[in-house]
Amino acid sequence: MKKLVVVLVFVLGAGGAFGTFAQSKNQAKRDDVIKFMKVSGVDKLAEQMMDMMIAQMKGRVVTKTLPDAYWDKFRKSVDTNEMIQLCIPVYEKYYTHDEIKQLIKFYQSPVGQKSVKVAPQIMAEAMMIGQQWGAKIGGQIAAELFDDGHLGK
C-alpha cells in the first residue's frame, strides 16, 4: 500500500510538473506569436483596418453628420491590442513554435522589414486592381444576362 501511495504521489507530482512545463512552453509560443505579429506589422495592420472602417463609416448617410471629434474619441477608445489577442490562437493553430521563430527571423531581416514597409502600398494597389477587375467581370455578366434576355431590353 505504501508503494502505491508513493507511486501515486510521484505520478501526480510529475503530472503537475509536466503541466507547468507545458504551460511554460505554451506561454513561450504565445509570446513569440506576439513578437511575430509585431515584427511582421500585423499590429499596424489592425490599426490600419480600424482607420479604414472609420473612414467608411464617415461616408455613410447615417453617420455622415457626426463631427470629426466623435470619430477621434471613438478611435482612441478602441484598443487594437484586443484584435491581436483574439488572433493569437489562430497563429498558434496553423504554425508550430519553430515556424513562428523562423518567421520572426525572416521579418527581422532586411527583406522582411522591406516586406512590412511596402505591404500597405502593395495592398492598396492590389485592391484598386481588384476593384477594376471586379467591375470588368460585372460588366461581362451584365452583358451576357442582357444578351440572354435575363435583363430588360
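Which residues make up the largest nonpolar core? In this predicted model, that core has 11 residues: V33, F36, M37, V39, V42, I84, I88, Y91, I100, I104 and Y107. Helices α1, α4 (80–94) and α5 (97–108) each supply at least two residues of the core. The greatest contribution comes from α1, which gives 4 residues. In soluble globular proteins, nonpolar side chains tend to be buried together.

One member of the core, I88, shows how distant parts of the sequence meet. When its neighbours within four places in sequence are set aside, I88 is in contact with R30, V33, I34 and M37. Of the core residues, V33 and M37 are thus among the contacts of I88.

The protein chain as a whole contains 6 helices and 0 strands. Read from the N terminus, its elements follow the order α-α-α-α-α-α. The chain has 153 residues, and 17% of them are buried. Among contacts with a separation of 6 or more, 71% join residues that lie 24 or more positions apart. The accessible surface of the chain is about 12,000 Å², and carbon and sulfur atoms account for 65% of that area.

A tryptophan, W71, was examined separately. W71 lies in helix α3, which spans residues 68–77. Is this residue buried or exposed? W71 counts as buried because its relative accessibility is 6%, and the cut-off for a buried residue is under 20%. Not counting residues up to four places away in sequence, W71 touches I54, M57, K58, T63 and L66. For one of these residues, I54, the separation from W71 is 17 residues in sequence, while the C-alpha atoms of the two are 7.2 Å apart in space.

Empty space in the model was also examined. Rolling a probe the size of a water molecule over the atoms shows where empty space is left. The largest pocket holds about 470 Å³ of space. It is lined by 20 residues, and those closest to its centre are G41, L45, Q48, A119 and P120. Helices α1 (2–39), α2 (42–58) and α6 (110–147) each provide at least two residues of the lining. Which helix gives the most to this lining? That helix is α6, with 8 residues. Sorted by class, the lining of the largest pocket consists of 12 nonpolar, 4 polar and 4 charged residues. Helix α1 therefore has a part in two of the features described, as it supplies residues both to the nonpolar core and to the lining of the largest pocket.

Key:
Residues numbered from 1 in each chain as written. Predicted model: local features only at pLDDT ≥ 70, side-chain atom pairs only at ≥ 80, totals over all residues. Heavy atoms only, no water. 1 Å grid on protein atoms, 1.4 Å probe; cavity = no way out; pocket = protein on both sides within 12 Å on 5 of 7 lines; lining within 4 Å. Points joined across faces, edges and corners; volume = space filled by probe spheres on them. Nonpolar A, V, L, I, M, F, W, Y, C, P; charged D, E, K, R; others polar. Core = buried A, V, L, I, M, F, W, Y, C linked by side-chain atoms within 4.5 Å. Buried < 20%, exposed > 50% of the residue type's maximum accessible area, 1.4 Å probe, protein only. Contact = heavy atoms within 4.5 Å. Areas by Shrake-Rupley, 256 points an atom, 1.4 Å probe, with all protein chains shown as cover.
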